[in-house]
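Biologist: I would like to learn how to read the features of a model like this one, going from single strands to sheets, helices and the contact between chains. Could you take me through them in turn?

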Amino acid sequence: MGKIRIVHYINQFFAGIGGEEKGDAPLEYVDGPKGPGTGFTQVLGAEAEIIRTIWCGDNRINQDQEGVTEEIGKLIREVSPDVVLSGPAFNAGRYGLACGMVLQICDQLGIPALTGMYPENPAVEIYKRYGYIWPTAETAAGMRKAVPAMAPVLLTLGKEKKLGPAAEVGYIPRGYRNNEFVEKNAAQRAIDMLFKRLHGESPATEVPLRSFERVEPAAPLADLKSATIAIVTGGGMVPKGNPDGLKQAFSDSFGTYSIEGLDELPAGDYKGIHGGFDSTWVDEDPDRVVPLDALRMLEREGKIGKLLNTYYSLCGIGTNIAASKKLGAEIAQELKNQQVAAAIFTST
Amino acid sequence: MKLKRGYITVQDVRFGNETAFHGGVLTVHKQEMEEYLLREDENGNITSIELDIVKPGENVRIVHILDTLQVGVKVEGPGTFMPGHLSDPVIAGSGTTHYMKNLAIMECAELPWAGKSALLYARDAIVDMVGPAAGYSPFSETINLILKLTLKDGSSDLEYDNSVRSAGIRCSRALGELIRDIVPDEVEEFDFTREVDPSLPKIAYVTQCQNQGTYSNTFLYGREVSNIVPTILSPTEVMDGCIVSGNYVWPCFKIPSFIQANLPVVMELARGHGKTHNFVGVIFDRGHNDSHFQKLRVANIAANQARILGADGVIISWEGGGNAATDAMLTLQVCESWGIKAIPFTFEFGGPDGTEGVLLVDDVPEAQYVVSGGSIEKPTTIPKVDRVAGGSELRLRKEIGGDPEPADIERTLDVITAFYCGANQSGIGRLAGVGY
C-alpha cells in the first residue's frame, strides 16, 4: 500500500493570509501541506502525506455556503484522497462551521473525514453525524496537543475508513449506537460500575445522559362554551378489525375514526389493541378509554362548544421519543387545521 | 443460609430405551416420558406431548417457547427445587441441590388466542440456534429438551397456564431424580451464615418482575405476586428456584424460570460475598404498578428494604417494557436520595441507528450511571433454517390478525421483541449498546 493521501482544509488565518479582516479571502489551494499541515506532516511520518491544502475565508464560506462547498467538493474529488482533515477549529464559531461543512461534503463523497473542535463549539452538534470530531482545547494554544493526538486517528481513518467506538478511540460521540457483544455480561458490568462508585470513582455511563424535554402546558381556555374539543388516545382503541393496521406497540402511525352520530362507542364494535395492559375491561365498555358518552353529555348541556367528530388513536407503548414527537406533531397539526381549541388525552 | 450447589454437566442428550444418566449422557425414553407427562396433566388440557432435542450449532429455529426450566433436585435440606410448585411452599435455600448444567427444558405450545386481552396472550418467542439472532438468547448455547404441547380448545387461560407449567416442572423433577446420587462435576458453596468483615461494602439487588395477569405472571413459592410488597429473599432461596416464571407476553422482555434460579447478579454477588463485599440480600418486587401513587409506594418500600439491610449500594433491574422502567427509576431515585448508590442495567431505544430520540423510556436525574443491555430497535434478518422445533408456524402481530406464517423462512423483524430474552433484562447477555 502506498502512502495515505490526505486533503487538508484550513481557514485564511491558518493559511497565513490574515485575520478577521481577510474573512472574505477566496477559495484557494496548494498541492502540499500548509500551516498546521506542516505540523501534521511531521507527526504522520512516512506513512502519509498531505497532497493538497484548501483554504477559504471564514466569512466567504459561510456567506456562500452552496457555491464554496461545491468547489471544495471538486477540489477534493480531483485528487481522490483516502481521508480528509479539516481544522482543527477549536472554539472558533465560523471556522468550526466551515470544518463541519467539509465533513458534510466528504460524507456525500463517501470519503472519511476528521476535524477537531472544542466539544462545546456549536458546530459539533450540527455536524457530528457527518464525520469524526476530535475534542480539542478551546483556543489554538491547544494545537501542540491536538496534532499528535489527531495524527494517528487520521492514519487509522485513512486505512480503515472508519473508527472504533467513541469511548475507546476518544472522538466526540456522533450519536450512532450499535448492538455489540462485549467481553462481560450486563450484570457483571453493572457490578463493576457499582464497585467503582463505592470506591469513590466516577465510572463512565454506558447509556449517555438523557434529557427529557419539558413541555409547557398551554394557557387555559378562555371560553369552553364555544370551544371544539377533540379526543386523542394513546390507549389503542380502534374499530373492530383494526382497519388501519395500527401496531400494538412501537407505533409508527395513528388512526382517525369518525364518531359522528354516536353517543357512545358500542361494545363489540371497537377493540383495544394496546399491548401493554389487559384490555378486557375497555373492550367491555370502550368509553372507558374514549370517553365519548361523558363528552356528548357535556356537549348537550352546552358546557363545551362541540366535540370533534373524529377521534385519534394509537398505542402509547414502546414508541421512542423521536417517533412520538413526529406523530404528535402530525396530530396537533390536523387538530389545528380543524380549529380544535383543546384535546383530551386519555392514556392507560 | 448455606447452600451447596452441585453441577452435573450434560454432554449429550439422546432418546433411548430407558430414562437414565450415565457418564454425562442423558438418555430419555421418549414415549414413556411423553405418556407420563400426559397422564399427570390433571384436567386433560394437554392433548399431546412430543419431545424433541435441539443442540447448539444445529441450524434450527425454536418457536412457541413459553417457559424454560432447569433440571434440579434437592438432595439435602428442606423444600424442593422450585418450591411451591407441585410441592409444599417451604423455604428452600439451604442444604444441597444438584443441577444439570448445559441442559434446558423448554415448554413450547401454540396457546389458543381465545382470550380478549391485547396484552395477555402468548406471543411467539424465537430462539435461533445459529446465525445473526443466536446471540440474543442464552438458550442457543444449551442443549434444549423441547416439550411440544398441543392443547384442547375451550379451557381457560388459567388452566392452560397451569397445565403447561406443571408439565415442565414434572419433567424437570423426573430428570432431577437421575442426578440425586451422582457425584457432581463441580460444587459451589454459598455460605451466608459466616461473619463478614464489617469494613466490606454492603450490596443488595433489587429485581423487579412482571406480573400483569395470567400469561404475564411470576410466581414466588408457587403463587403469583400481583399484590406483593417488596420482599427480602436470601440469595440461596433464589438459587433454589423460589421464583418461577409464567410470563409469555413479550418474548424479549421475559426472564425464564431457568434464569430466575441463576440470576447473573445474584450468582456474581454471591460468589464475591465475604471477599470483596457483603451481599446483604435480594429485594424481590414487581413493576407495572398501576398509578404514580402505587409506583412511588413500592419504590419507597423497596428502597427502604435496602436501607434496612444496610446497603451501601444496589443493583436494580426489571422485567418488562416501558411501564416498569418508571417503578425501577423511582426506586433508584429514592435509594440515591438516601445515599445508597444504585446502578441499573436496561435495554435501550434509539431507532435503527441509535440516533432517534431519548434512549430510555423513563429517567430520573439521579440515574447518572446506566449499563446498557443493547437496543431493542435493531432490525434483524433471520435466515431460512433447516428445521423448526416447538412448532412449524409463527403467529406475529395479533392486532392485525396474526395469521400463521411458515416459521422456517427468511424474514426481517424490525424490532427484536420476538427474540427470547433479547432485551437482556436479567443481565445474562453480553449484548450492549455501543456509541460511535
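Modeller: Let us begin with strand β4 (residues 83-90) of chain A, bearing in mind that this is a predicted model. Eight of the eight residues of β4(A) are buried, so this strand is largely enclosed by the rest of the structure.

Biologist: Which strands pair with β4(A), and in which sense, parallel or antiparallel?

Modeller: Strand β1 (residues 4-11) of chain A is joined to β4(A) by four bridges, and the two run parallel. Strand β5 (residues 113-117) of chain A also pairs with β4(A) in the parallel sense, again over four bridges. A useful residue to follow is L85(A), which stands in β4(A) opposite H8(A) and has L114(A) as its bridge partner in β5(A).

Biologist: What should I keep in mind about side chains when I look along a strand?

Modeller: In a regular strand, side chains alternate between the two faces of the sheet. For a whole sheet, turn to chain B, where four strands form an open sheet in the order β5-β12-β10-β7, with mixed pairing.

Biologist: Which strands of that sheet stand at the edges?

Modeller: The edges are β5 (46-54) and β7 (65-69) of chain B; each has a single partner strand, so one side of each is left without a neighbour in the sheet. From one strand to the next, the twist averages 20°. Strand β10 (residues 103-109) of chain B and strand β12 (residues 143-151) of chain B run parallel and are joined by seven bridges, with L149(B) in β12(B) as the bridge partner of A109(B). Helix α2 (residues 157-176) of chain B packs on this sheet, where it touches β5, β7, β10 and β12 of chain B, and its direction makes about 155° with that of β10(B).

Biologist: How does one describe two helices that pack on each other?

Modeller: Two packed helices are described by the angle between their axes and by the distance between those axes. Here, helix α1 (residues 36-44) of chain A packs against helix α6 (residues 143-160) of chain A at an angle of about 55°, with the axes 9 Å apart. That angle makes α1(A) oblique to α6(A), and their crossing is right-handed.

Biologist: Which residues meet there?

Modeller: From α1(A) come P36(A), G39(A), F40(A), V43(A) and L44(A), and they meet M143(A), V147(A), P148(A), A151(A) and L155(A) of α6(A). By character, the residues of this contact divide into nine nonpolar, one polar and no charged.

Biologist: How many residues does each chain bring to the contact between chains A and B?

Modeller: Chain B contributes 60 residues and chain A contributes 56 residues. On the side of chain B that touches chain A, at least two residues each are supplied by α5 (264-271), β20 (313-318), α7 (322-337), β21 (341-348), β22 (371-375) and β28 (431-435) of chain B. The residues of that side divide into 25 nonpolar, 23 polar and 12 charged. Pairing also crosses between the chains, since five bridges join strand β7 (residues 177-181) of chain A to β28(B), and these strands run antiparallel; within β28(B), G433(B) is the bridge partner of N179(A).

Biologist: As a last exercise, is Q294(B) buried or exposed?

Modeller: Q294(B), which lies in helix α6 (residues 292-308) of chain B, is exposed, because it has 12 other C-beta atoms within 10 Å. Q294(B) and F253(B) are 41 residues apart in sequence, and their C-alpha atoms are 22 Å apart in space.

Key: Residues are numbered from 1 along each chain as its sequence is written. Chains are lettered from A and ligands numbered from 1 in the order in which they are written. This is a predicted model: local features need pLDDT of at least 70, side-chain atom pairs count only at pLDDT 80 or more; totals for chains, interfaces and linings use all residues. Two residues are in contact if their C-beta atoms, placed from the backbone, lie within 7 Å. Ala, Val, Leu, Ile, Met, Phe, Trp, Tyr, Cys and Pro count as nonpolar, Asp, Glu, Lys and Arg as charged, and the others, Gly among them, as polar. Two strands pair if DSSP finds at least two bridges between them. A residue is buried if 20 or more other C-beta atoms lie within 10 Å of its own, exposed if 12 or fewer, and partly exposed in between; C-beta atoms are placed from the backbone. Axes are lines fitted to C-alpha atoms, for helices over the stretch in contact, and angles run from 0 to 180 degrees between N-to-C directions. Angles under 35 degrees count as roughly parallel, over 145 as roughly antiparallel, 65 to 115 as roughly perpendicular and the rest as oblique. A crossing is left-handed if the near helix is turned anticlockwise from the far one by less than a right angle, and right-handed if clockwise.
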